[in-house]
Amino acid sequence: PKYFNKLYQAEPFIYHIITEIQKRNMPGELALIPMLESAYNPFAYSGAGAAGLWQLMPKTGEHLGVQGDWWMDGRRSIGSSTTAALNYFRHLNHFFKGDWLLAIAAYDCGEGTIQRLLKQRPIYERSIWYLDLPHETQIYVPRLLALAEIIANPKKYHITLPYVPHEPYFKEIHVDGQIDLNQAAELAGVAY
């Protein structure tokens, strides 16, 4: 239950993520990936160097067009990182011929790892359930499926989910350069 109480942290981001997933006609369960990756914390960093809601690695983010420099890490931008992550999922799904579970596993451990493991199995055993996945990935996909099942049926599992409204929480504004936060707050009509 403590884990599900953290879902309130999705409130500022879930509307944007779900909207982008729906635009692409992708499975809604992908909106739960940031719960596994960062508990919906855009400031999350891993020891390996992954950052943001989607825990994109620096090279992956760069490859997917996420901008960053000394001043700003685009992997922490909700818009940029969500677009990059969903584009990557689209690529992975295409690469694995429409198998979303393989795509999700590849998001966790890399498409090269999954491709290599698939080549080691006969055709009839080419699903994540037959692969000798890295330990973290063995847990990753079932955890996502369990999270989706419990959210879809909270009463069945005696869980009370926090209310998260399906409405925009923020609007992302692009500026051409640095801006003082006091000035930004004043322009937005909010307190510093």
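Tutor: Let's begin with rings: those of Phe, Tyr and Trp (its six-membered ring) pair if their centres lie within 6.5 Å, and planes under 30 degrees apart count as stacked, over 60 as edge-to-face and the rest as tilted. This is a predicted model, in which local features need pLDDT of at least 70, side-chain atom pairs count only at pLDDT 80 or more, and totals for chains, interfaces and linings use all residues. Residues are numbered from 1 along each chain as its sequence is written, and side-chain values use heavy atoms, with hydrogens and water left out.

Student: Which residues do ring pairs link into a cluster?

Tutor: The structure holds 4 aromatic pairs. Ring pairs join into a cluster made of W54, Y88, F89 and Y107.

Student: At what angle do the ring planes of W54 and F89 lie?

Tutor: Among the 4 aromatic pairs is W54 with F89, whose ring centres are 6.5 Å apart, and the pair is edge-to-face because the planes stand at 65°. W54 sits in the loop between α3 and α4 while F89 belongs to helix α5, so the pair ties together parts 35 residues apart in sequence. Helices here are DSSP runs (H or I, at least four residues), numbered from the N terminus. The angle between the two ring planes is 65°.

Student: Is W54 buried or exposed?

Tutor: Buried means under 20% relative accessible area, exposed over 50%, and partly exposed in between (1.4 Å probe, protein chains only). W54 has a relative accessible area of 0%, so W54 is buried.

Student: How far apart, centre to centre, are F89 and Y107?

Tutor: F89 is buried at a relative accessible area of 0%. F89 and Y107 make a stacked aromatic pair, with 15° between the planes. The pair links distant parts of the chain, F89 in helix α5 and Y107 in helix α6, 18 residues apart. Centre to centre, F89 and Y107 are separated by 4.4 Å.

Student: Which element gives the largest share of the largest nonpolar core?

Tutor: A nonpolar core is a set of buried Ala, Val, Leu, Ile, Met, Phe, Trp, Tyr and Cys residues joined through side-chain atoms within 4.5 Å. The largest one has 46 residues, and I33, Y40, W54, Y107 and I114 have the most contacts inside it. Two or more residues come from each of α2 (11-23), α3 (33-38), α5 (78-95), α6 (100-109), α7 (111-119) and α8 (135-152). The largest share, 7 residues, is given by α5.

Student: T82 lies in helix α5, so which side chain does the T82 side chain join in a polar contact of 3.1 Å?

Tutor: T82 is buried, because its relative accessibility is 0%. Apart from neighbours within four places in sequence, T82 has contacts (heavy atoms within 4.5 Å) with H16, I17, E20, W54 and S77. A polar contact is a pair of N or O atoms within 3.5 Å; within protein, one must be able to donate a hydrogen and the other to accept it, and residues adjacent in sequence count only if both atoms are side-chain atoms. At 3.1 Å, the partner of the T82 side chain is that of W54.

Student: At roughly what angle do the axes of α2 and α5 cross?

Tutor: Axes are lines fitted to C-alpha atoms, for helices over the stretch in contact, with angles from 0 to 180 degrees between N-to-C directions. The axes of α2 and α5 come within 10 Å. The contact is made by F13, H16, I17, E20 and I21 of α2 with I78, G79, T82 and L86 of α5. The crossing angle of α2 and α5 is roughly 35°.

Student: Which backbone oxygen does the side chain of Q55 reach?

Tutor: Q55 is found in the loop between α3 and α4 (58-63), and Q55 counts as buried because its relative accessibility is 11%. Beyond neighbours within four places in sequence, Q55 touches E37, S38, A44, Y45, S46 and A50. At 3.1 Å, the Q55 side chain reaches the backbone oxygen of A44.

Student: Which residue caps the N-terminal end of α6?

Tutor: α6 is mostly covered, with 7 of its 10 residues buried, and the cover includes α3, α5, α7 and α8. After α6 comes G110, with a positive phi near 105°. At the N-terminal end, a side-chain oxygen lies 3.0 Å from the backbone nitrogen of L101, and the capping residue is D99.
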